[in-house]
Each structure stands twice: as C-alpha cells, then as structure tokens.
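Q: I would like a close look at a single part of this model, namely its largest pocket. Please describe what lines that pocket and then set it within the chain as a whole.

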Amino acid sequence: MNVSKLVWVIVWLALASGLYVLADSALNPNKIAVLGNDHNVTLQRGRDGHYRAEALINGIKVDVLVDTGATGVAISQRVADQLQIKSQQAIRTSTANGNTVAYMTRLDTVQIGGVKARNVSAVIAPGLDGDVLLGMSFLGRMDVRLFQGKMTITQLEE
C-alpha cells in the first residue's frame, strides 16, 4: 500500500470515529463522566423522549433507562450475570408485555452521578430486552423533578 492510500484510510477512519462520537453523545448524553458527584444529578432527555444514563450498580457501570412508571429496578439476565447477582425467590409480575416470572434480589448499591442508594430491591427479568430499568425502588428514595426536557434527581438524607 502506498503512502497516499494509507493517508486516505487514516482520514476516513478519523472521520468515522468523529461521527460515531458525535452520534453517541447526541443519543446518550448522560455519561458517567459528565454527571458529576453532587448529591443531585440532571439528566437530559434523549431524542426518543426517554431518560437514559450510565449508572453504577454494585460499582459496575451499566446502562439504565430511568422509568418513573416502573415499580422497582428491573435487570436483564445478561446484566445480572455480568454483575454476578443471584436471585432469591421467583415471583409473578405484570408488565406492559403481559404476565411473566421474575426473580427477586437486592442490590448493594445503585448510583447515578453522585446520587446513591444502598440495599435496593430489584428483580431479575429474564425477558427484559434492555439492560436495566431504574424504577421507584430507587427513585422513591429521591426527589425527582421533570421540567423542560430535564430530570433532576436529588438525594434525600436517609
């Protein structure tokens, strides 16, 4: 390969990488690096109308969909395996997709930005397509406000 072809390959790779970074930051604006460590965090609504963010569960980074309509935290089987979380008891649940079986568990910590809760109840939902739904078993401990496309979550004293 001559030098000019190599330069063009490098230029195209740099352009593709730049486009990927721009698209990722537009679709997923709530990265751990930008959320900070304050006891309140402000999430930007995504282009799809949902609030997604990077969070830490038991100290491990996972992608979450913040869902104020969900009763609790629901974790996909893939993420549960990654976190090495064991289930405690099978339960029947009712979801938007119908009735299903899930498995109760507890999470040592759930953290989004500097907002952190300990001993959070959750379920492992084998049929969950996404990674994690961050529901009211976490959010119910916080002050949550929605205004003009932003969700502010403030940690309350426990």
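A: The answer below begins with the pocket and then turns to the chain, its core and some single residues.

The model shown here is predicted. Its largest pocket holds about 1000 Å³ of space. The lining of this pocket consists of 42 residues, and those closest to its centre are Asp 67, Ala 74, Ala 125, Leu 128 and Leu 133. In general terms, empty space of this kind is found by rolling a probe the size of a water molecule over the atoms.

Several strands contribute to the lining of the largest pocket. At least two residues each are supplied by β2 (51-57), β3 (60-66), β4 (73-76), β5 (89-95), β6 (98-112), β7 (115-125) and β8 (132-134). Among the contributors, β6 provides the largest share, with six residues. Sorted by class, the lining comprises 19 nonpolar residues, 15 polar residues and eight charged residues.

The strands named above belong to a chain whose secondary structure comprises four helices and 10 strands. Read from the N terminus, the order of these elements is α-α-β-β-β-β-α-β-β-β-β-α-β-β. The C-alpha trace of the chain spans about 65 × 30 × 30 Å along its principal axes. Of the contacts between residues at least 6 apart in sequence, 54% join residues at least 24 apart.

The next topic is the division between interior and surface. Of the 158 residues in the chain, 32% count as buried. The chain exposes about 9900 Å², and carbon and sulfur atoms supply 54% of that area. In the interior, the largest nonpolar core has 31 residues, and Leu 43, Ile 112 and Phe 138 are those with the most contacts inside it. The largest share of this core, five residues, is supplied by β7, a strand that also provides at least two residues of the pocket lining.

Two residues illustrate the contacts made within the chain. Setting aside residues up to four places away in sequence, Leu 43 touches Asn 30, Leu 35, Tyr 51, Ala 53, Val 66, Ile 112, Gly 149, Lys 150, Met 151 and Ile 153. The second example, Val 115, lies in strand β7. Val 115 counts as buried because its relative accessibility is 0%, and the cut-off for that term is under 20%. With residues up to four places away in sequence again left out, the contacts of Val 115 are Asp 38, His 39, Asn 40, Val 41, Val 110, Phe 138, Met 142, Ile 153 and Gln 155. Val 115 and Gly 135 stand 20 residues apart in sequence, and their C-alpha atoms are 14 Å apart in space.

Two loop residues complete the description. Gln 84 is situated in the loop between α3 (77-83) and β5. Although Gln 84 is not a glycine, its phi is positive, at about 55°. Gln 84 is exposed because its relative accessible area is 65%, where exposed means over 50%. Gln 148 occupies the loop between β9 (142-147) and β10 (150-155). Gln 148 is not a glycine either, yet it has a positive phi of about 50°. With a relative accessibility of 67%, Gln 148 therefore counts as exposed.

Methods. Residues numbered from 1 in each chain as written. Predicted model: local features only at pLDDT ≥ 70, side-chain atom pairs only at ≥ 80, totals over all residues. Heavy atoms only, no water. 1 Å grid on protein atoms, 1.4 Å probe; cavity = no way out; pocket = protein on both sides within 12 Å on 5 of 7 lines; lining within 4 Å. Points joined across faces, edges and corners; volume = space filled by probe spheres on them. Nonpolar A, V, L, I, M, F, W, Y, C, P; charged D, E, K, R; others polar. Buried < 20%, exposed > 50% of the residue type's maximum accessible area, 1.4 Å probe, protein only. Contact = heavy atoms within 4.5 Å. Areas by Shrake-Rupley, 256 points an atom, 1.4 Å probe, with all protein chains shown as cover. Core = buried A, V, L, I, M, F, W, Y, C linked by side-chain atoms within 4.5 Å.
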